[in-house]
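The following exercises concern the packing of residues, helices and strands. Please study the sequence and the structure before reading each solution.

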Amino acid sequence: MSSDEPLSPQPESEADSAPDTDRASGEASGDTAPAASTATDAAAEAAPGTAEREVRCRYCGQRNRVRADWTPRAGIRCGRCRLPLDEQAHRKFPGLSPHEYIHPLDSQALETLQLIPGIDPLLKKALEVTGETYLRVMFTANGVKVSEKQCPDLHAKLEVACQTLGIRELPELYLSVTNPLGGGGLGFNAFTSGVERPFIVLFTPLIERLDDIEVLAVMAHELGHIHCHHLLYKVAAELLFQLGSYALSRAPLPPGIPDLLTWPVRSALLTWYQKAELSCDRAAQLVVQEPHVLTKLMMKLAGGTLTSRLNHEEFIAQARAFDQRNESNFIDRFWTWQIASGRTHPFPIWRVSEILKWTESEDGFKKLMKPAALATLS
């Protein structure tokens, strides 16, 4: 959010629909930033008789007790969702259409994919036989289900992200240390699956390296796949990547489907799959509504555990330079597309350049955050 577009105060009617307690809840499980304190901690540390005041969490609406001299720079987190406590308003988009923010490359690639004759019914049949149940069993049997009683701060973050994007039904959320589809190795990722009943898996090796608002961004990115109606094609693509043509050719599919789901479909799915990630990054930005959360998250994805020694401004400069070279140099652009063609996700540095362009554009993130746009969406 730019400094010349301050957020307007949150309407009381919207705030009153949020959870309401006199004092923030105690230490919540699933903590990803133990160095910070909750509002309860801060109030408890105050000397007897010290004046307190009430601050409503901008994200989840929880009322928190803090010292009277508290400021947002104190590093205190909400006792419910554990997101940074701040008195600014947090915008919600109850009537948001994915077409308001979807990346044009996502739309173009999806249109190309849908030109394949009979692609929707064929993919649905393939997933019905081989994929939907398989993926759900693999991930739900390999993780811990998050709820209001199990890692409640993560459940609260999920509610925040769903409310912000206008998703009425919360998908199931699971934590897992290992990725069963990747041979059991440590997962440094997050995952959304299911077509009829979507669910999200957060891999703890990734979550343990993120702060709370970055975790919110990861959840919002995964919810972007649900909000943008990506899941039929996304799950089909992942099934093809994981099982491969060998397993697919031996699956009990109707005649003709294994032959159809060969290179043209795989190529079209992979091309679209990468572009879909760019739309979900935009969904994450609409939820976190803070500058540089996503760029710092991408820096962690690119640099791993060395992030404490990395310079965020230099990483931004690297992304801008990458974008300039791609725009001006055909050879760089050619090799970028060639190398990326075998990946399921875009390069982190490209994702940074794309999210920077969208958040800085008057027709992008800024337009959606203006009060006039919100009135139209509501």
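**Exercise 1.** Leaving aside its neighbours within four places in sequence, determine which residues Trp272 is in contact with.

*Solution.* Outside those neighbours, Trp272 has contacts (heavy atoms within 4.5 Å) with Asp106, Ala109, Leu110, Leu113, His230, Tyr233 and Lys234. Trp272 itself lies in helix H10 (residues 263-288); helices (H or I, at least four residues) and strands (E, at least two) are DSSP runs, numbered from the N terminus. With a relative accessible area of 1%, Trp272 is buried, a term for values under 20% (exposed is over 50%, partly exposed in between, with a 1.4 Å probe and protein chains only). Between the C-alpha atoms of Trp272 and Glu111 there are 9.2 Å in space, while the two residues are 161 residues apart in sequence.

The model is predicted: local features need pLDDT of at least 70, side-chain atom pairs count only at pLDDT 80 or more, and totals for chains, interfaces and linings use all residues. Residues are numbered from 1 along each chain as its sequence is written, and side-chain values use heavy atoms, with hydrogens and water left out.

**Exercise 2.** Describe how helix H5 and helix H7 pack.

*Solution.* Two packed helices are described by the angle between their axes and the distance between the axes. Axes are lines fitted to C-alpha atoms, for helices over the stretch in contact, and angles run from 0 to 180 degrees between N-to-C directions. For H5 (residues 152-165) and H7 (residues 212-227), the angle is about 50° and the axes are 9 Å apart. H5 is therefore oblique to H7, given that under 35 degrees counts as roughly parallel, over 145 as roughly antiparallel, 65 to 115 as roughly perpendicular and the rest as oblique. Among the residues that make the contact are Leu154 and Leu158 of H5 and Val215 and Met219 of H7.

**Exercise 3.** State how H11 and H14 are oriented to each other.

*Solution.* Helix H11 (residues 293-303) packs with helix H14 (residues 348-360) at an angle of about 175°, their axes being 9 Å apart. The two helices, H11 and H14, are therefore roughly antiparallel. In their contact, H11 contributes Leu294, Thr295, Met298, Leu301 and Ala302, and H14 contributes Pro348, Arg351, Val352, Ile355 and Leu356.

**Exercise 4.** In which sense do S7 and strand S8 pair?

*Solution.* S7 and S8 (residues 199-203) pair in the antiparallel sense over four bridges; pairing requires that DSSP finds at least two bridges between two strands. One bridge joins Thr192 to Ile200 in S8. Five residues lie between the strands of this hairpin, where Gly194 takes a positive phi near 85°.
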